[in-house]
Amino acid sequence: MSASTATVPGRPSSKALKALVASESRLAWREPVGLVLGVGVPVMLLVIFGLSSGFQKRIVSTNPTTYRTVYVPILIALVLTLIAVISLPIPIVVQRERKFLRRLSTTPVAPLWLLSAQVAVNFVLALVAMVLIVAGSALFFSVHAPSQVPGFILAVLLATACLFAIGLVIAAVAPSERAAGAIGSALIFPLMFFAGLWQPSQTVTPSVMHDISNLTPLGAAVHAMLRSMQGTFPTIGSLAVMAAWAAIFTIAAVKLFRWE
Amino acid sequence: MAMSVREDKRVVTDVQTSERPAAGIAHPVIEVTGLHKAYGATVAVEDVSFVVGNGEIFGILGPNGAGKTTTVECLSGLRVPDRGTISVLGLDPQRDRHTVRALVGVQLQEGLMPSKLTVGELVDLFASFYPSPADARELLELLGLTAKRDDYYKRLSGGQKQRVSIALALIGNPKVAILDELTTGLDPQARRETWGLIEGVRDRGVTIVLVTHFMDEAERLCDRVALIDSGRVIAMDTPARLAEREGGGNHMRFHPSRPFDDALLVGLPEVDRLEHQGDRVVVSGTGDLINAVISRLATAGVEAHDVQLESATLEDAFVRLAGHPSETSNGAGER
């Protein structure tokens, strides 16, 4: 297939990809689930965390780390999850349900291009959300901005890859918009449990829980982000865990995806 | 001029004797030979062959589930045939999929567009997919969608959505357009408007494959039709010839001014059958039935009063060929 596509006229151009990204962006703006989750939720949670006095406390009196600091990576994990399991897969499932993906496959543009456009749009959304959280918490709530910048970026990118791959698995297996919504919502709880949304892992005493958490995508992500915020490069273990999950889910999405 | 060109395209291909389906078509654009496609144990297309000439409107007709959609899905490269060969503009829809997709515009049954894009945005989006797209403004004008340019797709009526899907099938400046169940679900007014549009599209030089289960649509639009039943082509010709040849001919009813001997008319070459219904006579036959009957009656001094002529329809032809009526109801889609 690739041999023939290289030479024939009508090979999809960058023009087509740009137009698809533009049109997916318009749809994201007009049906702003992703915007609400990606931008609305972090701003709202930041304000809550900033205003509640409990989050200013130190976790351990001998360590300057406050609950606010600990919650910044958890917040990032939460918005990434919301974007990845709701905003990313649902438009794909809807467009498959409406046979739009099938219609696309009768044009010179492969439906894979639409998936790429959808990933690109949600990636931008995720970046905006993360910048809002990091900048907002540093500017208004005196949380130190990540001092190990390359480590932080690497951790964030791997976490995004991991979660987006999970989102694409949902897009691959969900037969309908409702099913996608249900699967996405159901996944938020276990993912976020291990991220420490309800109880940050620093405050959990049994180390077994800690170890299990560090093997989950978001446990590893939060661990890696927190370390780089505190000035140390993330552990290879946490990065490897995320990379492994990203690979597993990507392969699963590719194997399971149905265009119609 | 234009008329004579169109007449030339109406070349008869006799299915029964066509070893090579290309025989008789001057400029074949589509050639399908021995197409076979099954989904698991269900055979959707048993054995389908046909040829479509340049600039034709070629109809694929048959009841729901006859294999029409599967046939055109193989043409557009959406499905891979199990057996048989397909050539579209000299290309293989699987091997040369990219070129075929750039040259063939498709309107799918039941395809819906994203609801919150406007008509103009949709047309521009699809235009970006093709190397040399048609002029979007002109196309929207042709399809009567200019006033709807800035409306969201979801706000459109069924007929308008159908016109958008025709616009999207044509935006790439295709050489061939495949239109599946073009007017299913439209009201009679919208159907007639759509038919006019399709004739306009053909006049732009596009070869059209039209899938339908409406016999009247095929009679109105198609230069030639293939009747498909249970995955096989059961007849192929111009709608008029098919109706005449396979539909049991025309029926002429009249009141004779006085009784006459049946032999008077039965001997005519145009007459196949003669029946009495009360004091009415029904003569069935082909060709110039009315003139032959009236002039023969005149020789015996008989006049025909209250003459009614009923032409055989494609539906009649279908019933006689398939042994069961086609379903002209707006049924659910088929595979």
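The following paragraphs describe the organisation of chain B, its contact with chain A, and two helix pairs of chain A in a predicted model.

Chain B, with 335 residues, has 45% of them buried, and its secondary structure comprises 12 helices and 13 strands. The domain assignment divides the chain into domain 1, covering residues 2–244, and domain 2, covering residues 249–311; the centres of these two domains of chain B, taken over C-alpha atoms, are separated by 42 Å. When contacts in chain B are restricted to residues at least 6 apart in sequence, 71% of them join residues at least 24 apart.

The two chains touch through 25 residues of chain B and 26 residues of chain A. On the chain B side, the elements that give two or more residues to this contact are helix H3 (97–103) and helix H4 (119–127) of chain B. The side of chain B that touches chain A consists, by class, of 13 nonpolar, 5 polar and 7 charged residues.

Within chain A, helix H3 (residues 33–51) packs against helix H4 (residues 67–87) at an angle of about 165 degrees, the two axes lying 9 Å apart. Because angles over 145 degrees count as roughly antiparallel, H3(A) and H4(A) are assigned to that class, and their crossing is right-handed. The contact involves Val33(A), Gly34(A), Leu37(A), Gly38(A), Val41(A), Pro42(A), Leu45(A) and Phe49(A) from H3(A), which meet Arg68(A), Tyr71(A), Leu75(A), Val79(A), Leu82(A), Ile83(A), Ile86(A) and Ser87(A) from H4(A). Sorted by class, the residues in the contact of H3(A) with H4(A) are 12 nonpolar, 3 polar and 1 charged.

A second pair in chain A is formed by helix H5 (residues 89–97) and helix H9 (residues 177–195), which pack at an angle of about 160 degrees with their axes 9 Å apart. H5(A) and H9(A) are therefore roughly antiparallel to each other, and H5(A) passes H9(A) in a right-handed crossing. From H5(A), the contact draws on Pro89(A), Ile90(A), Val93(A), Val94(A) and Glu97(A), whereas H9(A) contributes Glu177(A), Ala180(A), Gly181(A) and Gly184(A). The class division for the contact of H5(A) with H9(A) is 5 nonpolar, 2 polar and 2 charged residues.

Methods: Residues are numbered from 1 along each chain as its sequence is written. Chains are lettered from A and ligands numbered from 1 in the order in which they are written. This is a predicted model: local features need pLDDT of at least 70, side-chain atom pairs count only at pLDDT 80 or more; totals for chains, interfaces and linings use all residues. Domain bounds come from an automatic or database domain assignment. Helices (H or I, at least four residues) and strands (E, at least two) are DSSP runs, numbered from the N terminus. A residue is buried if 20 or more other C-beta atoms lie within 10 Å of its own, exposed if 12 or fewer, and partly exposed in between; C-beta atoms are placed from the backbone. Two residues are in contact if their C-beta atoms, placed from the backbone, lie within 7 Å. Ala, Val, Leu, Ile, Met, Phe, Trp, Tyr, Cys and Pro count as nonpolar, Asp, Glu, Lys and Arg as charged, and the others, Gly among them, as polar. Axes are lines fitted to C-alpha atoms, for helices over the stretch in contact, and angles run from 0 to 180 degrees between N-to-C directions. Angles under 35 degrees count as roughly parallel, over 145 as roughly antiparallel, 65 to 115 as roughly perpendicular and the rest as oblique. A crossing is left-handed if the near helix is turned anticlockwise from the far one by less than a right angle, and right-handed if clockwise.
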